Number of protein chains: 2
Amino acid sequence: MELLEEHRCFEGWQQRWRHNAATLNCAMTFSIFLPPTKDTTPPPVLYWLSGLTCNDENFTTKAGAQRVAAELGIVLVMPDTSPRGDDVADDEGYDLGKGAGFYLNATEQPWATHYRMYDYLRDELPTLIQDNFSVSDRCAISGHSMGGHGALIMALKNPGKYTSVSAFAPIVNPLNVPWGQKAFRTYLGDDTAAWREWDSCALMEAAGKGQYLPVLIDQGDSDQFLADQLQPARLADVASQRHWPLTLRTQPGYDHSYYFIASFIEDHLRFHAQHLQK
Amino acid sequence: MELLEEHRCFEGWQQRWRHNAATLNCAMTFSIFLPPTKDTTPPPVLYWLSGLTCNDENFTTKAGAQRVAAELGIVLVMPDTSPRGDDVADDEGYDLGKGAGFYLNATEQPWATHYRMYDYLRDELPTLIQDNFSVSDRCAISGHSMGGHGALIMALKNPGKYTSVSAFAPIVNPLNVPWGQKAFRTYLGDDTAAWREWDSCALMEAAGKGQYLPVLIDQGDSDQFLADQLQPARLADVASQRHWPLTLRTQPGYDHSYYFIASFIEDHLRFHAQHLQK
């Protein structure tokens, strides 16, 4: 692991690291915020998954999350959104290839060689964090747009791994929206049965009752992608049918930008803190 | 005026505007945060001046200031750091030309045609803000690095115009540091007597007693530019001799980045609010 940057921030440390990710067959960069040490108890971790075109720095620089994470004693881990490097397959579209890994394991070539963000986030990165930083084994997950999709599928596919999940403007039903269909056809092939393993609505419909974990979703009603790509109400409907503890808040006037995230990230951190600290 | 962007943010509005700046002979972009309306009283304004290489968006996206400005009811105005456009003289260095206007009126060609940021900030921009937004006539000013220099000279040269001034890691004595000497020689010529009009230490030394306004400065002690370019203690020394109300806080471990600004911007906004609301 190579430390690329380190900045004092809200009495803690904002760092940026590079490491060789065996799962992804490439070097990966992640950012981490380490809150000020309050006592000898290792702090819990919140993983943040970003949206299309982002890397580890968008949330780190724009969300203003460190202030509240410092207060609550939560480590923030911001991974990249796809494998990176000259050897990694890419596409001209902003919504495919680098910056658009969709947090799944690709099965189609040329993508399957590197695009295994799901395994990377489930196993390799948490192990790396546990081995190199003083953290507890309690963690939660959150994300935005494609990263909201990522956070939800990570939580729904791994009962017991996260205490709670939250999302800003998530793609909840990629099976049925253009961004998801394009990515899934490319990464997973034409058999739509395989797509259901990476769709939050399908996963929640299929989940056992013992798998419930609390979900918080914020959605701006002026979000340009709301109608065509996001539609979080579909997941809220499934949750309602399943009596799943999901809160969907519609925020009047807010769009898809980081100004929206910055406005409500404090609520998400306090929501997670409540469950992380139990 | 052309509205380029608008985002809901902390129940207020973050906007980006373009207008033709007569003072600068070019089109200029500025950002503005309008806090949520609390009552019929027009809110006061805090002008923020950014550092070398920045434009109106660095502080807007990275400082997290909108949260506190929304709470306190303060309008934030973020101008650019120099004139812009293909016709505007430039230099290869990051510390000269576009992005490096030093908030002065240039007298040397080819700079004098456009580089009149001082007049723009003193007259044209405040008039534009007053004419187009619901704001009170009370204002304060703050900035970072070159923008800290800008905020201090704006306040020191215009007694009564601002209720208070603050700065993060400001260049307080450009007369005697490499950044300032390079810029002043280029923009103002070789006669160093003319430079003193744009140097905070010299201006404070020459100020009349009735001109005192409160000054808050934060400086990180791990700032890579502290020894060679900044040295805010020089201004604190002048203030001490003149019994000027200046608070210089040294922040252990903090560097020159926006992580430093984000960590302490709340203190600066509360400092200004105290004086703006009198």
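Between chain B and chain A, eight residue pairs are in polar contact, each partner having a pLDDT of 80 or more. The structure is a predicted model, so every value given here is computed from it. Salt bridges are a separate matter: across the interface of chain B and chain A, the rule finds zero of them.

Which parts of chain B make up the side that touches chain A? Strand S1 (2-9), strand S2 (12-21), helix H1 (57-62), helix H2 (66-72) and helix H10 (258-276) of chain B each give two or more residues to that side. H10(B) gives the most, with six residues. Sorted by character, the residues of this side of chain B fall into nine nonpolar, eight polar and seven charged.

The extent of the interface can be described in two ways. Counted by residues, 24 of chain B are in contact with 24 of chain A. Expressed as area, about 1800 Å² is buried between chain B and chain A, and carbon and sulfur atoms give 54% of this. In chain B, the residues that lose the most area to chain A are Arg8(B), Tyr254(B) and Tyr259(B), which together account for 34% of what that side buries.

For a closer look from the other chain, Thr61(A) makes a handy example. This residue is found in helix H1 (residues 57-62) of chain A. Once its neighbours within four places in sequence are left aside, Thr61(A) is in contact with Thr61(B), Lys62(B) and Tyr259(B). Within chain A, a polar atom of the Thr61(A) side chain lies 2.9 Å from the backbone oxygen of Glu57(A).

Strands S1 and S2 of chain B, met above at the interface, also belong to a sheet. Nine strands of chain B form this open sheet, in the order S1-S2-S3-S5-S4-S6-S7-S8-S9, with mixed pairing. Strands of a sheet pair through backbone hydrogen bonds, either parallel or antiparallel. At the edges are S1 and strand S9 (246-251) of chain B, each of which pairs on one side only. On average, and with direction ignored, neighbouring strands of the sheet are turned by 15 degrees against each other.

At one edge, S1(B) and S2(B) run antiparallel and are joined by seven bridges. Cys9(B) stands opposite Gly12(B) in S2(B). Helix H9 (residues 233-242) of chain B packs on the sheet, where it touches strand S8 (215-220) and S9 of chain B. The direction of H9 makes about 150 degrees with that of S9(B).

Notes
Residues are numbered from 1 along each chain as its sequence is written. Chains are lettered from A and ligands numbered from 1 in the order in which they are written. This is a predicted model: local features need pLDDT of at least 70, side-chain atom pairs count only at pLDDT 80 or more; totals for chains, interfaces and linings use all residues. Side-chain values use heavy atoms; hydrogens and water are left out. Contact means heavy atoms within 4.5 Å. Buried area is the accessible area (1.4 Å probe) that two parts lose on being put together, summed over both. A salt bridge is a side-chain nitrogen of Lys or Arg within 4 Å of a carboxyl oxygen of Asp or Glu. A polar contact is a pair of N or O atoms within 3.5 Å; within protein, one must be able to donate a hydrogen and the other to accept it, and residues adjacent in sequence count only if both atoms are side-chain atoms. Helices (H or I, at least four residues) and strands (E, at least two) are DSSP runs, numbered from the N terminus. Ala, Val, Leu, Ile, Met, Phe, Trp, Tyr, Cys and Pro count as nonpolar, Asp, Glu, Lys and Arg as charged, and the others, Gly among them, as polar. Two strands pair if DSSP finds at least two bridges between them. Axes are lines fitted to C-alpha atoms, for helices over the stretch in contact, and angles run from 0 to 180 degrees between N-to-C directions.
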